[in-house]
Amino acid sequence: MGISRDSLHKRRKTGGKRAPIRMKRKFELGRPAANTKIGAKRIHVVRTRGGNRKFRAMRLDTGNFSWGSEAQTRKTRILDVVYNASNNELVRTKTLVKNCIVQIDATPFRQWYEAYYGIPLIKKRKSQKTEGEEETPKTHNQLRRYKERKPLAKIDPHVEEQLHTGRVFAAISSRPGQSGRCDGYILEGRELEFYQRKLKSKKGK
């Protein structure tokens, strides 16, 4: 018995059984779930109706994530699955699905912020700085640009806190089992607060 998406086997609203009027059809078929895990990239190509193709991601470890308030997108590593509203089992098994909450590497976003605004998020101690890492002198144009951008450099304090730790919460907005990609966006504002509360209450249990 294959996986079927038909409704002929369902009962009527009144509870009565339906007599089968025909056998299963090809256009009613379903396929097993991808259950995409975190790991080295592995994608299976599936031939679908009409000669089209689906890209079934079996393992993924990177994705394109956008920082909405700064209008910046960077490719970065996916580190962990931390929350899934539909099923805790998907968190335990670290399964990547649409709208699950993950932790991603914050380094590309931190580097962009420091280069664009000229404001270091992590202050290095003198002992940590090596001879080759001495700051290069800034040109007049660079200093002028930094001065103009400084009023716009304010970011969500919760996001800034995460950038210090090197891990940022993000939501996946693509469908890894259908498109073979794991793209999403960084959580900010009230949405981030909501998920932080959820994670805190989960830890308390």
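I will talk through the strand pairing, one helix contact and three salt bridges in this model, which is a predicted one.

Let me begin with the sheet, which is open, has four strands in the order 2-3-1-6, and shows mixed pairing. Its edges are formed by strand 2 and by strand 6, residues 95-96, each of which pairs on one side only. Inside that order, strand 1, residues 36-38, runs parallel to strand 3, residues 53-60, and the two are joined over two bridges, whereas strand 2, residues 42-47, pairs with strand 3 in the antiparallel sense over six bridges. If you follow Arg59 in strand 3, you will find that it is the bridge partner of Lys37, and that Arg59 is also the bridge partner of Arg42. Towards the turn, Arg47 stands opposite Arg53 of strand 3, and the hairpin that strands 2 and 3 form has five residues between the strands, including Gly50, whose phi is positive at about 85°.

Let me turn now to the helices, where helix 4, residues 157-165, packs against helix 6, residues 189-204, at an angle of about 60° and with the axes 9 Å apart. The residues that meet there are His158, Val159 and Gln162 from helix 4, and Leu192, Glu193 and Gln196 from helix 6. Sorted by class, this contact holds two nonpolar, three polar and one charged residues.

That brings me to the salt bridges, of which a search of the whole structure finds seven; I will show three of them.

In the pair of Lys94 and Asp80, the closest N and O atoms are 2.8 Å apart. This pair links distant parts of the chain, 14 residues apart, with Lys94 in the loop between helix 1 and strand 6 and Asp80 in strand 5, residues 72-83. Is Asp80 buried or exposed? Asp80 counts as buried because its relative accessible area is 19%, and the cut-off for buried is under 20%; Lys94, at 35%, counts as partly exposed.

The second pair is Glu28 with Arg22, where the closest N and O atoms lie 3.2 Å apart. Here Glu28 is buried, at 10% relative accessibility, while Arg22 is partly exposed, at 32%.

In the third pair, the side chains of Arg181 and Asp183 meet at 3.0 Å, taken from N to O. Arg181 has a relative accessibility of 42% and therefore counts as partly exposed, whereas Asp183, at 18%, counts as buried.

Note on methods: Residues are numbered from 1 along each chain as its sequence is written. This is a predicted model: local features need pLDDT of at least 70, side-chain atom pairs count only at pLDDT 80 or more; totals for chains, interfaces and linings use all residues. Side-chain values use heavy atoms; hydrogens and water are left out. Two strands pair if DSSP finds at least two bridges between them. Axes are lines fitted to C-alpha atoms, for helices over the stretch in contact, and angles run from 0 to 180 degrees between N-to-C directions. Contact means heavy atoms within 4.5 Å. Ala, Val, Leu, Ile, Met, Phe, Trp, Tyr, Cys and Pro count as nonpolar, Asp, Glu, Lys and Arg as charged, and the others, Gly among them, as polar. A salt bridge is a side-chain nitrogen of Lys or Arg within 4 Å of a carboxyl oxygen of Asp or Glu. Buried means under 20% relative accessible area, exposed over 50%, partly exposed in between (1.4 Å probe, protein chains only).
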